[in-house]
Amino acid sequence: MEHLPWWVLPSAAALILVATHTYLGLHVISRNVFFVDLALAQVAALGSTVAYLYGFEMADPVTYYVSLLFAIGGALFFSVVRVRDNRVPQEAIIGLGFAVASAGAILLSAENPHGAEHLRDIMAGSILVVSAREVIHAAIFYGLIGIFHWVFRKKFLLVSMDREGAIKQGIRVPMWDFLFYLSFAVVITSSVRIAGVLLVFILLIAPAVCGAMFANGIRTRLLIGWGCGILATIGGLVMSAHMDWPPAPAISTAFAAILIGSGVIGNIVLSRNRAQAVAKYAVIAGALVGLGFGLRSFRGSDLAWSWKAKEEEAAGHASPAAGGSEAERAQEKLHSHGKPEHGQGNTKSDLLTSLGDDHENVRAKAAEELGKLKDPSVLPNLIEALKDRSTAVKEKAAEALGVLGRPEAQPPLQAALLVKDEDEWVNLREAQALARCGGPKGVTFLLKMAHDADAKVVRDQAIDISLALTGRPVVKVHDGPEGKAALESITTWWKEVEARAKWDPVSGHFVATP
């Protein structure tokens, strides 16, 4: 298993999810309870949040069983709350259940310093790093659920497709409702661990909608849904891997493209005047393309940048850590952390004590505030903070060292840049700080990140900061000819002058000495 290509396990997990969720999605659409999966997924997420609050990680079996218990409770609730005369639509009750479960998860996460990260992981999932054990577990569980539904398919389909007819035939509809929601809860609980709440909802609804757009029979709908689901998930995983996108939004985007394309093709095929329908969509497509080019042009225009500069000047967005340049202020806004869990004081003694706090946001804020003191005596403490277990603390410690600008910080910053598998944004801050402490190697490392960093936002920021640290104007569009030319020019120039480059604290950038 260790030598399998990266795409094998994510693709296998995606195929298992599509096969199961498409079928269940057809039931959901027939029952007109479109958001029941979203609600049950959030209830399961609430269960995992409870387990997380007690110290269990997402991969722990205890977390899974607590989530399953919550999901079964949600299944029981949704199966018995239907109002017979539909005075209160069941979809409204399901929506309230989702809202309450979401609120509960947010409130419980507020009690944990890593709660925000936990919520993000639950929403986005981690299908790209799914393990073989999780794939096998899902295949067995979903296979048993599939056999269960196949054996009792007539009753499940009758209750979903013709509820009133099932009641007239004397079928115990509430019991079959509960069995459906129970099996649904088991599937959702496993799916949320693998794919996250967002992707679970997309995989349940989107393939079923594709099938319903082109067919009436359950078998044909299922085959069309499977085809669209496989195409979207595999395409989304490929985009996620090659474009450095989160998998859930990438797959959702692929599904959106398929749904829009299917809708347009279906509308044209079924239209009485196909030529008129084609012309209508051609005009719409042309308008959207024109709007896109217009927005792109406006984004790079002098007018847009002048508005941005005026807003920043009025709001006073200058970052003390970044030295006030436009590129570094933009960087500060792009990457921020959560608020401290409690106060950390404002004296040097208080801040040094807070630097050893149990909460990472408190430690990070303390490091930031120590830098603002501009007191060289805190240098050893900030250097030690470069080894903190939290990326937020390391980032703020490097930022503070850059504010101090002491040459003594160069060796520890260079050592920090050599740490393997470090967060790219931490490396960005460390390289920037090294340069501001007078180390030319900081610019060298920034230029390397501008060429090789995985995340586009890091590459863009590395270009901007490198230009600012060498006294050059910031480019407006990094991917365009201007950005590429600027990067090539500064890279060539820096290779020539690095050995004789000196930091000028007055101008705030390097100059080449004779």
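No disulfides (pairs of cysteine sulfur atoms within 2.5 Å) were found; the count is 0. C228 takes part in none, as the nearest cysteine sulfur, that of C210, lies 3.9 Å away. C228 is buried (under 20% relative accessible area, with exposed meaning over 50% and partly exposed in between, for a 1.4 Å probe and protein chains only), and its relative accessible area is 14%. C437 is buried too, with a value of 3%.

The model is predicted, so local features need pLDDT of at least 70, side-chain atom pairs count only at pLDDT 80 or more, and totals for chains, interfaces and linings use all residues. Residues are numbered from 1 along each chain as its sequence is written, and side-chain values use heavy atoms, leaving out hydrogens and water.

Confidence comes next. The mean pLDDT (the predictor's confidence in each residue, from 0 to 100) of the protein chain is 83, and 88% of its residues reach 70 or more. Over residues 316–334 the pLDDT falls below 50, yet this stretch has 47 contacts (heavy atoms within 4.5 Å) beyond near neighbours in sequence. Where pLDDT is low, predicted coordinates should not be read in detail.

Finally, the empty spaces. A cavity is a set of points on a 1 Å grid over the protein atoms alone where a 1.4 Å probe fits but cannot get out, and its lining residues have an atom within 4 Å of a point. There are 3 cavities of 30 Å³ or more, and the largest has a volume of about 50 Å³. Its lining includes A44, M58, Y64 and R193, and divides into 5 nonpolar, 4 polar and 1 charged residues.

Methods: 1 Å grid on protein atoms, 1.4 Å probe; cavity = no way out; pocket = protein on both sides within 12 Å on 5 of 7 lines; lining within 4 Å. Points joined across faces, edges and corners; volume = space filled by probe spheres on them. Nonpolar A, V, L, I, M, F, W, Y, C, P; charged D, E, K, R; others polar.
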